[in-house]
Amino acid sequence: MTSLLRTLLSSALAGLLGLDTVQAGQVLLSRPAFVGPLLGWLNGCPAEGARIGILLELIYMDFIPVGGVVPPNGTAAAAVGVLAYSAGGLAPSLAFFAGMLAGVAYSPVEYRLRAARSEWNAVVERELSAGTLTLRRWLARAMIIENAALGGYVLAWTFLCAAVGLLPRIWALYPATDFAYSLMPWLGLCGLYFRFRTQAYKKNG
């Protein structure tokens with residue numbers, strides 16, 4: 001299987017896994033800790049994929065969707081991180097931060113997708129009143145749009161990372177990104193500690 005074909009399949013798979021967030025199942029298949037190792041295995045870098053996915057899981061675990069706030073997309077982050085390394089040729093540290101940025105940048109896209117779906121409510125209500133509602137058609141439409149949006153987004157970021165990897169003297173960034181990357185496990189574990197400590201205080205209180 002060629003590298004380009006693996007990249008295309010990985011992007012499409014990321015789009016499918018992203019549906020687990022709200023559309024289909026919600027069985028944690030969209031979590032970075034699952035997406036990272038899976039795409040890493042598919043692209044021949046299972047260890048680095050697992051590392052990127054688990055670190056992103058630790059970092060993103062504290063983001064809670066409250067009200068209209070859309071948290072960073074962990075699926076996009078893990079997929080871009082793995083593909084930026086395997087297909088884009090970036091160092092693992094820079095690929096990780098590219099993935100983290102991609103996850104944050106997907107929030108406005110997801111917000112617009114939600115806003116577009118909310119505009120369907122009036123049409124659905126009219127069809128329901130008329131007795132012509134076909135719920136499967138609306139669900140299929142929503143899932144196809146979500147899948148295409150996330151898959152295309154991951155693919156676009158992968159090409160962008162590949163272009164960044166061709167920049168002259170890009171390697172000059174690696175000492176700084178490597179150092180920052182080495183701190184991520186400690187940052188993630190600290191966040192996890194304070195999260196569990198808060199939960200423990202709530203139970204005891």
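This tour moves through a helix pair, a set of aromatic rings and one buried threonine, in a model that is predicted.

**Helices α3 and α4**

Begin by selecting residues 46-60, which form helix α3, together with residues 74-86, which form helix α4. The axes of α3 and α4 approach within 9 Å, and the crossing angle is roughly 150 degrees. Angles over 145 degrees count as roughly antiparallel, and α3 and α4 are therefore roughly antiparallel to each other. The crossing of α3 past α4 is right-handed.

Next, display the side chains of the contact. On α3, select Glu-48, Gly-49, Ile-52, Leu-56 and Tyr-60. On α4, the partners are Gly-74, Ala-77, Ala-78, Gly-81, Val-82 and Tyr-85. Colouring this contact of α3 with α4 by residue class gives 7 nonpolar, 3 polar and 1 charged residue.

**The aromatic pairs**

Turn now to the rings. How many aromatic pairs does a search of the whole structure find? The search finds 4. One of the aromatic pairs is Phe-96 with Tyr-181, whose ring centres lie 5.1 Å apart with 40 degrees between the planes, a tilted arrangement. This pair joins distant parts of the chain: Phe-96 belongs to helix α5 (residues 92-118) and Tyr-181 to helix α8 (residues 174-204), with their positions 85 residues apart.

Are these two rings buried or exposed? Phe-96 has a relative accessible area of 0% and is buried; Tyr-181, at 4%, is buried as well.

Moving to a second pair, select Tyr-153 and Trp-157. Their ring centres are 6.2 Å apart and their planes stand at 50 degrees, so this pair is also tilted. Both residues lie in helix α7 (residues 135-165), where they are 4 residues apart, about one turn of the helix. Tyr-153 and Trp-157 are both buried.

Before leaving the rings, return to Phe-96 and Tyr-181 and add Phe-97 to the selection: ring pairs link Phe-96, Phe-97 and Tyr-181 into a cluster.

**Thr-158**

For the final stop, select Thr-158, which is located in helix α7. Thr-158 has a relative accessibility of 2%. Buried means under 20% relative accessible area, so Thr-158 counts as buried.

Which residues does Thr-158 touch, not counting residues up to four places away in sequence? The contacts are with Thr-7, Leu-83 and Ala-87. Displaying Thr-158 with Thr-7, Leu-83 and Ala-87 shows this set of contacts and completes the tour.

Notes. Residues are numbered from 1 along each chain as its sequence is written. This is a predicted model: local features need pLDDT of at least 70, side-chain atom pairs count only at pLDDT 80 or more; totals for chains, interfaces and linings use all residues. Side-chain values use heavy atoms; hydrogens and water are left out. Axes are lines fitted to C-alpha atoms, for helices over the stretch in contact, and angles run from 0 to 180 degrees between N-to-C directions. Helices (H or I, at least four residues) and strands (E, at least two) are DSSP runs, numbered from the N terminus. Angles under 35 degrees count as roughly parallel, over 145 as roughly antiparallel, 65 to 115 as roughly perpendicular and the rest as oblique. A crossing is left-handed if the near helix is turned anticlockwise from the far one by less than a right angle, and right-handed if clockwise. Contact means heavy atoms within 4.5 Å. Ala, Val, Leu, Ile, Met, Phe, Trp, Tyr, Cys and Pro count as nonpolar, Asp, Glu, Lys and Arg as charged, and the others, Gly among them, as polar. Rings of Phe, Tyr and Trp (its six-membered ring) pair if their centres lie within 6.5 Å; planes under 30 degrees apart count as stacked, over 60 as edge-to-face and the rest as tilted. Buried means under 20% relative accessible area, exposed over 50%, partly exposed in between (1.4 Å probe, protein chains only).
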